[in-house]
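Visitor: I have a structure here and would like to be walked through it. Please show it to me before we begin.

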Amino acid sequence: MEARQAFKEAVAAHRLHGIELIKAIDSKDHVILVCKGPIAPLIGKEGTVVKELKQKLNKKVRVIEHTEARKMIQDLLGSVPLIGFTKAFPKPGASAYTLLLAKKDMEKLAMEQAELERVLNDLLESQTSIAWV
């Protein structure tokens with residue numbers, strides 16, 4: 001099942017209001033739902049709605065709020081702290097991010113670095129790389 005369709009069905013089935021799906025990012029083992037509005041009801045009490053989505057999509061599901069870049073990055077990283085990030089403008093109309101993460105947290109990432117960078121590229125609509133410090 002496609003993530004957007006599963007999202008629509010979950011919103012209808014649970015009578016959720018005020019939640020807008022901005023983007024669904026599909027990766028190897030995860031689906032990241034980027035939403036505007038109150039995301040707590042979408043997650044559901046004890047994660048019930050997300051668990052339903054996980055079963056329908058056969059992938060782990062992560063819901064993050066569409067907000068400023070730093071918060072979206074941290075929400076995606078979960079328990080891995082974002083030490084810092086830089087945003088560069090390599091050419092007019094283009095931007096690139098470099099995230100700084102601690103080497104000791106490398107094993108805590110929910111996905112491989114290359115896959116995470118691809119998801120971040122899509123999330124931030126910019127070239128994104130991870131630097132380990």
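Guide: Helices (H or I, at least four residues) and strands (E, at least two) are DSSP runs, numbered from the N terminus. This is a predicted model, in which local features need pLDDT of at least 70, side-chain atom pairs count only at pLDDT 80 or more, and totals for chains, interfaces and linings use all residues. Residues are numbered from 1 along each chain as its sequence is written, and side-chain values use heavy atoms, with hydrogens and water left out.

Visitor: In what pattern do the helices and strands follow along the sequence?

Guide: The protein has five helices and six strands. Read along the sequence, their order is α-β-β-α-α-β-α-β-β-α-β.

Visitor: What radius of gyration does the protein have?

Guide: The radius is taken over C-alpha atoms, and the globule rule is 2.2 Å times the number of residues to the power 0.38. For 133 residues, a compact globule would come near 14 Å, which agrees with the value of the protein, 15 Å.

Visitor: Which residues of helix α3 are buried?

Guide: Buried means under 20% relative accessible area, exposed over 50%, and partly exposed in between (1.4 Å probe, protein chains only). Helix α3 spans residues 48–57, and its buried residues are Val49, Val50, Leu53 and Leu57.

Visitor: Why do these residues lie on the same side of α3?

Guide: An α-helix has 3.6 residues a turn, so residues three or four places apart point the same way. The arc is that of the directions from the helix axis to the C-beta atoms. The buried residues lie on the same side of α3 because the arc they cover is only 95°.

Visitor: Which exposed residues are on the face of α3 turned away from its buried side?

Guide: The buried side has its cover, which includes α1 (3–13), β2 (30–36), α2 (40–43) and β3 (60–65); contact here means heavy atoms within 4.5 Å. The face turned away from that side carries exposed Lys51 and Gln55.

Visitor: Is asparagine 58, which follows α3, buried or exposed?

Guide: Asparagine 58 lies in the loop between α3 and β3. Its phi is positive, near 55°, and the residue is not a glycine. Most residues other than glycine have a negative phi. With a relative accessibility of 67%, asparagine 58 counts as exposed.

Visitor: What is the relative accessible area of glutamate 125?

Guide: Glutamate 125 sits in the loop between α5 (113–124) and β6 (127–132). This residue, not a glycine, has a positive phi of about 55°. Glutamate 125 is exposed, and its relative accessible area is 64%.
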